[in-house]
Amino acid sequence: MDRMTKEAIRYLGYGKHAADEQTLAMISESFRSLESAASPKSIYRIFELEQKGEEHFQIAGVEMKSRSLGRNLKGCDKIILFGATLGTGVDRLITRTSLTDMAKAVVLQACAAAMLEEYCDGCQEKIGKELEREGRYLRPRFSPGYGDFDICYQKPLMRMLDCAKTIGLTMTESYMMTPTKSVTAVIGASCIKEHCHVKGCEACSKKDCEYRRDTI
């Protein structure tokens, strides 16, 4: 079973239970449909990071506050702003499917989330290789809405990335992204090499890490 299938099963809420054959077949079919519908795009920009305290920092003149993110960024002197989307085709596919088969639409939602995560992991690995040439190493992605990093910071991140023009990603007044299968995040970069899990704190077993964000 490949990694994306395992992630889709996790998003469907199976936990430690095995998915039945019918669900697995629906997952495989959903991934095939998504591969045809998706047009993934990403954008990233590197900024100087100014830390003004344990939970206060500044990026390109924008003041931000988060205790959990501040801990994650400890020791970093640069920060990568990152945005990614699977495109409007995925939204159309899920909406169209929900009109006739809600069960399949739910599976599509889970598979799209897994596909987006896999795409972001690949993007981060490429960014990490580029930064390593400069002697810098990446921390895990950290998105607005994680822990105490307020969802309102979505707006300045998207503005600094010019997401609407670069990858066709916009946001409503209630901070919902369009297309929905999209993400923005910050990634700290430090000269100190830490063994941080690309997928972030939820997938990492090191519970006592000082860079760990609040996951509850």
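## A first look inside this protein

Leaving aside its neighbours within four places in sequence, Cys 111 is in contact with Ala 8, Ile 27, Ser 30, Phe 31 and Leu 34. Welcome to the inside of a predicted model, where Cys 111 makes a handy starting point. Cys 111 is among the residues that touch the most other members of the largest nonpolar core, and two of its contacts, Ile 27 and Phe 31, are on that list too.

**The cores**

- The largest nonpolar core has 31 residues, and those touching the most other members are Ile 27, Phe 31, Leu 34, Phe 82, Val 90, Cys 111 and Leu 138.
- Several elements give two or more residues to this core: helices H1 (3-11), H2 (21-37), H4 (88-98) and H5 (102-132), together with strands S4 (76-85) and S8 (182-190).
- Helix H5 supplies the largest share of this core, with 11 residues.
- There is also a second, separate core of 24 residues, and its members include Phe 57, Leu 73, Ile 79 and Leu 161.
- As background, nonpolar side chains in soluble globular proteins tend to be buried together.

**The whole protein**

- If you trace the chain, you will find seven helices and eight strands.
- The protein has 216 residues, and 47% of them are buried.
- Take the contacts between residues at least 6 apart in sequence: 70% of these join residues at least 24 apart.
- About 11400 Å² of the protein is exposed, and carbon and sulfur atoms supply 51% of that area.

**Aromatic rings**

- A pair of aromatic rings is described by two things, the distance of the centres and the angle of the planes.
- This structure holds three aromatic pairs.
- One of them joins Phe 142 and Tyr 146 edge-to-face, at 5.6 Å centre to centre and with 70° between the planes.
- Are these two partners alike in how buried or exposed they are? Phe 142 counts as buried because its relative accessibility is 0%, under the 20% cut-off, whereas Tyr 146 is partly exposed, with a relative accessible area of 29%.
- Phe 142 also pairs with Phe 149, again edge-to-face, at 5.9 Å centre to centre and with 65° between the planes.
- In that pair, both Phe 142 and Phe 149 are buried.
- Step back and you can see a cluster, in which ring pairs link Phe 142, Tyr 146, Phe 149 and Tyr 153.

**A charge over a ring**

- Look for Arg 10, which lies over the face of Tyr 11 at 4.9 Å from the ring centre.

Note on methods:
Residues are numbered from 1 along each chain as its sequence is written. This is a predicted model: local features need pLDDT of at least 70, side-chain atom pairs count only at pLDDT 80 or more; totals for chains, interfaces and linings use all residues. Side-chain values use heavy atoms; hydrogens and water are left out. A nonpolar core is a set of buried Ala, Val, Leu, Ile, Met, Phe, Trp, Tyr and Cys residues joined through side-chain atoms within 4.5 Å. Buried means under 20% relative accessible area, exposed over 50%, partly exposed in between (1.4 Å probe, protein chains only). Helices (H or I, at least four residues) and strands (E, at least two) are DSSP runs, numbered from the N terminus. Contact means heavy atoms within 4.5 Å. Accessible areas come from the Shrake-Rupley method with a 1.4 Å probe; for residues, only the protein chains shown count as cover. Rings of Phe, Tyr and Trp (its six-membered ring) pair if their centres lie within 6.5 Å; planes under 30 degrees apart count as stacked, over 60 as edge-to-face and the rest as tilted. A charge sits over a ring if NZ of Lys or CZ of Arg is within 6 Å of the ring centre and within 35 degrees of the ring normal.
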